[in-house]
Structure formats: structure tokens, C-alpha cells
Amino acid sequence: QVQLVESGGGLVQAGGSLRLSCTASGSIFSFFSINVMDWGWYRQAPGKQRELVAAISTGGSTNYVDSVKGRFTISRDTPKKSVYLQMNSLKPEDTAVYYCHTRHSGRDYWGQGTQVTISS
């Protein structure tokens with residue numbers, strides 16, 4: 001129904017930038033735009049719970065966890081069926097596996113995750 005594939009992770013030095021991409025596919029998109037769903041980027045660091053980092057609603061409003069406000073930007077490209085997370089001024093504490101998430105018809109969909117590692 002919905003498949004999500006993340007890309008763009010990697011190893012960068014503190015202060016650097018990365019842009020994560022989440023591309024959606026599946027039969028549902030023959031009928032619906034990605035705009036009918038809320039989207040989120042989550043991250044999970046070793047030994048920690050998964051946390052919501054950024055979200056974009058169907059209406060386009062965005063929300064961020066306090067620790068990334070002013071540094072991360074979530075956006076979407078409807079024709080490309082993609083959601084992005086631009087991450088600037090990266091810090092070692094941003095190191096985690098980042099996951100794309102959406103929900104449709106009461107079902108949660110997750111990507112496989114992409115590793116982001118920030119060296120000090």
C-alpha cells in the first residue's frame with residue numbers, strides 16, 4: 001500500500017549539513033496525493049526512545065522538537081511524492097537513525113531508516 005524509502009544520511013562533521021529524503025510509493029498514490037497525509041521525521045539514538053523531530057501536516061503547517069528548531073526544516077514535494085528534512089548546524093547529539101513516517105486509514109508506515117552520524 002505505502003512504501004517509504006529514506007536516503008541522504010551519512011557522516012559529517014559538527015556544524016555541517018545533510019538533507020534527508022523520503023520517497024513514497026504504492027498503489028494508494030494512484031488516488032491520493034501525499035498531501036492527504038501528515039508526515040513526520042523521527043530519530044532514534046542508541047539506548048534512547050524514538051522521538052519525533054519534525055512534522056508537516058496535510059495543511060502544510062510544520063512543527064519541530066525544541067532541540068532542532070532553527071536548524072532543521074521539513075518540506076515536501078508533492079509531484080515527487082517526497083518529504084525532506086534539511087538539517088543544518090548539525091551537532092554530535094543529532095547522531096541517530098532517522099525514520100520517515102506517515103499514517104493512512106489507521107495504519108502506520110515507516111521507512112527503513114537512514115543513519116546520521118555527526119563527528120565532533
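S105 is exposed in this predicted model, with a relative accessible area of 67%, and its place is in the loop between β9 and β10. The phi angle of S105 is near 50°, a positive value in a residue other than glycine, and the residue sits in the turn of a hairpin that β9 and β10 form with 2 residues between them. The strand on the N-terminal side of that turn, β9 (96-104), is mostly covered, since 8 of its 9 residues are buried. The protein around this hairpin has 0 helices and 11 strands.

**Overall architecture**

- From the N terminus on, the elements run β-β-β-β-β-β-β-β-β-β-β, and the radius of gyration of 14 Å is close to the 14 Å that the globule rule gives for 120 residues, so the protein is as compact as a globular protein of that length.
- Along its principal axes, the C-alpha trace of the protein spans about 45 × 25 × 25 Å.
- Of the 120 residues in the protein, 41% are buried, while the accessible surface comes to about 6200 Å², with 48% of that area belonging to carbon and sulfur atoms.
- Among the contacts with a separation of 6 or more, 52% are accounted for by residues that are 24 or more positions apart.

**Strand β9 and its partners**

- β4 (39-44) and β9 run antiparallel and are joined by 6 bridges; within this pairing, W39 has T102 of β9 as its bridge partner.
- β9 is also joined to strand β10, which covers residues 107-110, by 4 bridges in an antiparallel arrangement, and here R103 has D108 of β10 as its bridge partner.
- A further 3 bridges join β9 to strand β11, made of residues 114-119, and these two strands likewise run antiparallel; the bridge partner of A96 in β11 is V116.

**A second positive phi**

- K81 has a phi near 50°, which is again a positive value in a residue other than glycine, and its place is in the loop between β7 and β8.
- What is the exposure of K81? At 30% relative accessibility, K81 counts as partly exposed, whereas S105 is exposed at 67%.

**Salt bridges**

- The structure holds 5 salt bridges, among them one in which the side chains of R43 and E51 meet at 2.7 Å, taken from N to O.
- The two partners of that bridge fall into separate exposure classes, because R43, at 7% relative accessibility, counts as buried, while E51 is partly exposed with a relative accessible area of 30%.
- D94 and R71 form another of these salt bridges, with a distance of 2.8 Å from N to O; D94 lies in the loop between β8 (82-87) and β9, and R71 in the loop between β6 (62-64) and β7 (72-77), so the pair ties together parts that are 23 residues apart in sequence.
- Both D94 and R71 are buried, and salt bridges that share partners join R43, E51, R71 and D94 into one network.
- The side chains of K69 and D66 also meet in a salt bridge, at 2.9 Å from N to O, and here D66 counts as exposed at 61% relative accessibility.

**Surroundings of S21**

- S21 has its place in strand β3, which comprises residues 18-25, and this serine is buried, with a relative accessible area of 15%.
- Which residues does S21 contact once its neighbours within four places in sequence are left aside? The contacts of S21 are V5, E6, S7, W41, V83 and Y84.
- One of these contacts, V83, falls within the residue range of β8 (82-87), and another, W41, falls within that of β4 (39-44).

**A nonpolar patch on the surface**

- F31, F32 and V36 make a nonpolar surface patch of about 330 Å².
- Where in the chain does F31 lie? F31 lies in the loop between β3 and β4, and at 71% relative accessibility this phenylalanine counts as exposed.

Definitions and conventions. Residues are numbered from 1 along each chain as its sequence is written. This is a predicted model: local features need pLDDT of at least 70, side-chain atom pairs count only at pLDDT 80 or more; totals for chains, interfaces and linings use all residues. Side-chain values use heavy atoms; hydrogens and water are left out. A salt bridge is a side-chain nitrogen of Lys or Arg within 4 Å of a carboxyl oxygen of Asp or Glu. Buried means under 20% relative accessible area, exposed over 50%, partly exposed in between (1.4 Å probe, protein chains only). Contact means heavy atoms within 4.5 Å. Patches are made of residues with over 30% relative accessible area and no salt bridge: like charges are joined within 9 Å, nonpolar side chains (Val, Leu, Ile, Met, Phe, Trp, Tyr) within 5 Å. Accessible areas come from the Shrake-Rupley method with a 1.4 Å probe; for residues, only the protein chains shown count as cover. The radius of gyration is taken over C-alpha atoms; the globule rule is 2.2 Å times the number of residues to the power 0.38. Two strands pair if DSSP finds at least two bridges between them.
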